[in-house]
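Grab a coffee and open your viewer. Here are some short exercises, each followed by a worked solution.

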Amino acid sequence: MKKYIFTILFSFFYFLPPGICAEESVPCPKKIPPVELSQINQSILKGLDFLLTHQRKNGSFGSALRTKRLNIYAPDTSHEGFHTGTSAICLSTLIKMEDWLNTIPADTQDAQLQELLSRKTKVSTAIDRCENWMMENLPQLRRSAPTTLYNVWGHSFGIQSLCQMYTRQLDLPPKEMAERKKKLVKEMNHQVELLRRYECLNGGWAYYNFYSPETYKYPSQHNTAPPNSFVTSSVLLAFHEAKELNIGVEIPPHIIRRGLESLYRQRMPNNAYTYAESHVNMPGSLISRPAGSLSRTLSGHLSIHQWMEEKDFVEKKVIITEKMLTDGLDRFITRIGWNDIGRKRPVPHESWFQIAGYFYYYGHYYAIRCVEQLQDSATQKEYANYLADILLGVQEPDGSWWDFPLYDYGHYYGTGMALDVLIKCREKFINNKI
């Protein structure tokens, strides 16, 4: 009897007509006091110290050593995808930290900034060690099984870290610097090729393929699963970052178009994004409603917004306006409680609106990038203040941030993403003379 009741309820929520899940208005965030700059400085210092003191001896971040009775499905070499993606996020953040520290005058009278400057040598050393690990391991990253493509995260965040490595300011002889950059561009092109290889058959990217019973019997190079909106967005944004450098990274236009087409299909009339293309015909699905799509909405909007400006994609089907970006930010901030309920829960999608814990810092990571697209500096300042306020409130006593017990990776990708956001928030505060 219980089985039939569950089936009825499941069908009711997943096959609601589109109009039922439509929303007419977007909530407006309540005004909050400005976050003190000293609070941000202190939070950044604590987070930085966590990364510096927890970097592995080989230079990477995170591991498969912390387990629990309920672990994420990770066959064969799956952890290489987790490990590489996590290390890439931390590496990118540390390079941004180094860039910021280089702008602080050595004779500053601010005690907190002096304390941060005292970590400058350690930051550079940590970057060098992680760069060496990345350049040794990233080229070897592949999918672990026909059903499992966690490597896609490693490739996309790996491209972002390579971009940061390329722009990193180093005191090297011109010839040595030229060789370094040539090697980095070569690896970026290699990562693009791998993402082309693991693209879904109908465009976009996914990190699972449980949809075909013949997956193991007749494996294909391209993923036969329906693409996920958020995975596709992250890959497209990594591609865009590489393209913006204009350094010779060749990204086939057709895979950009196919990825964008997938996002167009997954975008709902209420500006939410489905979890995957398999949910497009289930508009009432809890995870595909605005509250379940809080983090995906930001990365999806940002991805389309970035690429719609490119001349190769003038025949665009969706225009992401600044109003749509601010609406997405408003929903994310006012409904952060929905994401917060899912934060730290050990079972993915067990929370309200089927939100998984690992969407928490992912959402902030792309929220601040949406803020950067806004034209008005006062509006940027306001949203930066909201995001900083949220992150200061969820930092752990040891200085880390984490949202999901993903072996021993969650504390590191969470801290890397949160620090990235706070550094950018601080830039907005300084630019607006707070």
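**Exercise 1: helix 8**

Task: work out how covered helix 8 is, then check its length and what follows it.

Solution. Start with burial: helix 8 is mostly covered, with 13 of its 17 residues buried (buried is under 20% relative accessible area, exposed over 50%, partly exposed in between, with a 1.4 Å probe and protein chains only). Helices here are DSSP runs of H or I with at least four residues, numbered from the N terminus. Next, the span: residues 229-245 reach 25 Å from first C-alpha to last, close to the 24 Å expected at 1.5 Å a residue (that expectation is 1.5 Å times one less than the number of residues). Finally, step just past the helix, where Asn246 takes a positive phi of about 55°.

Before going on, a word on the model: it is predicted, so local features need pLDDT of at least 70 and side-chain atom pairs count only at pLDDT 80 or more, while totals for chains, interfaces and linings use all residues. Residues are numbered from 1 along each chain as its sequence is written, and side-chain values use heavy atoms, leaving out hydrogens and water.

**Exercise 2: the largest pocket**

Task: find the volume of the largest pocket and which helix gives the largest share of its lining.

Solution. The volume is about 650 Å³. Then list the lining: 28 residues, of which Tyr150, Trp153, Tyr207, Phe230 and Tyr358 lie nearest the centre (a pocket is an open set of points on a 1 Å grid over the protein atoms alone, where a 1.4 Å probe fits, with protein on both sides within 12 Å along at least five of seven lines; lining residues have an atom within 4 Å of a point). Sort by element: helix 3 (78-103), helix 6 (151-167) and helix 15 (410-431) each give two or more residues. Helix 3 has the largest share, with five.

**Exercise 3: two buried residues**

Task: which residues do Lys96 and Tyr361 touch, not counting those up to four places away in sequence?

Solution. Take Lys96 first: this residue sits in helix 3 and counts as buried because its relative accessible area is 16%. Lys96 touches Gln164, Arg369, Asp420 and Lys424 (contact means heavy atoms within 4.5 Å). Now Tyr361, in helix 13 (residues 360-372): at 1% relative accessibility, Tyr361 is buried too. Tyr361 touches Arg343, Leu391, Val394, Trp401, Trp402, Asp403, Gly414, Met417 and Ala418. One last distance: Tyr361 and Gly416 are 55 residues apart in sequence, yet 9.3 Å apart in space, C-alpha to C-alpha.

Terms used:
Grid points are joined across faces, edges and corners, and a volume is the space filled by probe spheres set on the points.
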